[in-house]
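Work through these exercises with the structure open beside you. Try each task before you read its solution.

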Amino acid sequence: MSISTYKTSFFILSFLMVLAACTPTQELQERTLSEKQVRFVDQLQPFDATRYEMADKMLGRNLIGLVHRNNVRAEWVSESVFWYEVNGRDGLEYYLVNAENRLKTPLFDSERLASVVNEHIGSDNGHHMRPDFPGISRISLSETASTMRFYYNNQKWELDLQTYELAMLEEPFPAERPRNSLLSPDGKYAAFIKENNLWVRNMITAENTQLSHDGSYRFGYATDSQGWTNSDRPILKWSENGHMISTYQLDERTVEEMHMLRTADGRPELISWPYALSGDEHVPMHHRVVFDVENEIKLRLQTEPYHQRTSNCCGLTRGNVWADNQFIDSNRKLAYVSTSRDYKEAVLKIADLSDGSVREIFTYRDEIFIETNLNSRGIPNWRVLYERGEFIWFSRESDWGHLYMHSLEDGSRLHSITEGEWNVSDILKIDTAKERIWFSAAGMDQDRDPYQEYIYSIKFDGSGLRLHTPDEGHHTVVMSPDATFFVNSFSSFTEPQKVVLRDTYGQEIMMLEETDISDLKEAGWSFPVPFTAKARDGETDIYGLMFKPVDFDPNKSYPIINSIYPGPQIGSVGTRGFATTRRGQAQALAELGFIVVQIDALGTPMRSRSFHTAYYGDMSDNGLPDQIAAMQQLAERHSFIDIDRAGMYGHSGGGFATAAAMFNYPDFFKVGVAGAGNMDNRGYTFYWGEKFQGPFTRFEDGTDSFTNQALQLQVEGLRGHLLLSYGTLDNNVHPNTTLQVINELIAQNKDFDLIVMPNRNHGYANESYKLRRTWDYFVRHLHNLEPPKEYEFR
């Protein structure tokens, strides 16, 4: 035997001896290692790229144009006549409706209109009107509906709808409108800010008038600087006659700044602006002023500066109008509401505009927080009825949001107007002659979705409650001037919009439009599935939506992903009406082989006060115990849900909730994608935290009243896969709070993933790159498959 053969034989013999000496434990360890290796190989198996293509098709931006006859804009021209436009398959269509005669006709003959317009403008200027796509805008009709005014080719026209005689009109307000200006109701004036002062431009003469003269840096007039949002547009309220302006001088001279860096070649650019945080000593303050535009008079109200607050969430404006203001007594007085810094007190005041004196009428307190409208950015539900010596006030003192009548003399309660275990949503119309209020409300019918809004009216004394929209669904209306007729649009999660004409008793007079979703269905789109579950207490009903892939197979097993927005100003689900796409592109994500759910948990609005305020004082709760309870119940009902493969994702408040879920419920949530989260509300705008977490208080042990919600103090629980992201120019939720979480994750040696979006503000969630990386993350970690490399969206 050669030396080499001997060595080989000895090696083989030694190997066999070692193998024979292996204990069962060693064999098990090696077998386990082998199984892990197999699973690792499985993870590298490619994911079906065609599923990305289907998901791409389901993105909201790719569904535009696949739904027809769902966007109806109606405008009444008399008590019984209105016109409307609707998005037809081939463009906008226009109709005239006589409600009394139940007659619907085309508003105009598009062939004749195109003919007279083209004849008038000639064919040499390149603006040839097409009959199938007239391209007109800003339509208005005379009261008799005999003439129509419109804009075409940047010119105003008037058309006789009987003879089709066409005339070119001179602009009533020919002056160029200043940038970022707000027009008076009659269009005569445009208010704008210049060098910290408020100006108006006469839109007839183009003359500019400076209304204030003492505005200065960080102490300007009508300034839109709210920390989390800002713009160059003034914040103000015009009187109806366009002669008066209610606004403020904003004092933020001592407010501390927030800073960001804009990425650039060479040195980055520093961006700084006032941004008050919870607990700050110095915060923005309003000094109220009223301007008489016609007489160029500035009147400073005789009241102390008050906090930059509105009596309901969120922000100072509703549309372009400063909320909590009402001109009364033929514009000789101003009614307004000032809200305390902690949102626990709101005071109704009336200012005499002859001398600036102010009288306090009524003080309302809620020991948690005040809401005068439960819809985010809804118009506060208070109204002064000056001629009657009364005012209407919204309160949740019964645990539900209702209207109450008060005396304007001393603020005393006269009586309730509405009552019951349901919520008034919006005051729509008040008729003092008929002593009737029209309003939207949710939850009155106990057998229907408590979030669906219906239209009602009621007498001032609380009698004569009337339902105007009986069909099941989520309703909006455009009322005739005397509320005799309603153009009513309604839909649900599973029923597209219908638009009908109703009389005041809710009877359907005629069908106007039915939504056409044939193109949408042909593209493969499917309806979400509504469901009900029980909250953490096992008793309270909570509501949600389930999204399935279009090729759903009940015999397969699917991971479940929660698309979350925790509130407190809105919930995850959003509108109760028909929508092609929803928060987080949920249907698109489902096409990747997931069950996606959206659930409105405790802490979201439109239910009782106790439901809405459930986690006041600990925002990191986020309703997560309710989310988990609902997901577990769904898994018990449906064998196709694999509850052991659960994920969550969200943006902004949803990013905050997702990170909290990954840190505090690691046994349940395995994968999370958290974007732009306010991870510690001590580093977010003071109005948010001080309202929903509570007043900032420091304790003797070095902690404070916000410590329990600071997620950088909760990262030790992370065991799953977490993808964080932020925009470097996010002036709403500053990236600093995410960086605090990142710093602590590093300190605790935790694995995580990160996407930094340079020069992006808060709204990057639907950018293609962010969407693709989110999809990849869930595919890789919940399907254990490798996503297609760098998929490009169409």
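**Exercise 1. Decide how well helix α10 is covered, and list its buried residues.**

Step 1. Count. In α10, 11 of its 12 residues are buried, so the helix is mostly covered (buried means under 20% relative accessible area, exposed over 50%, partly exposed in between, with a 1.4 Å probe and protein chains only). Helices here are DSSP runs of H or I with at least four residues, strands are runs of E with at least two, and both are numbered from the N terminus.

Step 2. Note the origin of the model. This is a predicted model, in which local features need pLDDT of at least 70 and side-chain atom pairs count only at pLDDT 80 or more, while totals for chains, interfaces and linings use all residues. Residues are numbered from 1 along each chain as its sequence is written, and side-chain values use heavy atoms, with hydrogens and water left out.

Step 3. List. The buried residues of α10 are Gly653, Gly654, Gly655, Phe656, Ala657, Thr658, Ala659, Ala660, Ala661, Met662 and Phe663.

Step 4. Find the partners. These buried residues pack against α9, β44 (641–651), β45 (669–675), β46 (721–727) and α12 (736–747). Contact means heavy atoms within 4.5 Å.

**Exercise 2. Check the lengths of α10 and α13 against the expected span.**

Step 1. Take the rule. The expected span is 1.5 Å times one less than the number of residues.

Step 2. Apply it to α10. With 12 residues, α10 reaches 16 Å from its first C-alpha to its last, close to the expected 16 Å.

Step 3. Apply it to α13. Helix α13 (residues 768–782) has 15 residues and should span 21 Å; its end C-alpha atoms are 21 Å apart, so the two agree.

Step 4. Look at burial in α13. Its buried residues include Trp775, Tyr777, Phe778 and Leu782.

**Exercise 3. Locate the nonpolar cores.**

Step 1. Define the term. A nonpolar core is a set of buried Ala, Val, Leu, Ile, Met, Phe, Trp, Tyr and Cys residues joined through side-chain atoms within 4.5 Å. In soluble globular proteins, nonpolar side chains tend to be buried together.

Step 2. Find the hubs. The largest core has 82 residues, and Val597, Phe663 and Trp688 touch the most other members. Helix α10 (residues 653–664) gives this core its largest share, seven residues.

Step 3. Find the other core. A second, separate core has 42 residues, among them Trp525, Leu545, Ala676 and Ile755.

Step 4. Trace one hub. Leaving out residues up to four places away in sequence, Phe663 touches Leu711, Gln714, Val715, Gly717, Leu718, Leu722, Val741 and Leu745.

**Exercise 4. Describe the link between Cys313 and Cys314.**

Step 1. Test the sulfurs. A disulfide is a pair of cysteine sulfur atoms within 2.5 Å. Cys313 and Cys314 are joined by one, with S to S 1.5 Å. The count by this rule is one disulfide.

Step 2. Read the geometry. The angle about the S-S bond is 55°, and the link of Cys313 and Cys314 is right-handed.

Step 3. Read the backbone. The peptide bond from Cys313 to Cys314 is cis, with omega near 5°.

Step 4. Place the pair. Both Cys313 and Cys314 are buried. Cys314 lies in the loop between β21 (306–307) and β22 (317–318).

**Exercise 5. Pick out further unusual backbone angles.**

Step 1. Recall the background. Most residues other than glycine have a negative phi, and most peptide bonds are trans.

Step 2. Look for cis bonds. One joins Gly567 and Pro568, with omega about 5°. Pro568 sits in the loop between β42 (558–563) and α7 (586–590).

Step 3. Look for positive phi. Asp399 has phi near 85°, and Asn784 has phi near 55°.

Step 4. Place these residues. Asp399 is in the loop between β29 (390–395) and β30 (402–407). Its relative accessibility is 21%, so Asp399 counts as partly exposed. Asn784 is in the segment after α13. With a relative accessible area of 34%, Asn784 is partly exposed.

**Exercise 6. Classify Ser181 and Ala629 as buried or exposed.**

Step 1. Take Ser181. Its relative accessibility is 3%, so Ser181 counts as buried. Ser181 lies in the loop between β8 (166–169) and β9 (182–183).

Step 2. Take Ala629. This residue lies in helix α9 (residues 624–637). At 13% relative accessibility, Ala629 counts as buried.
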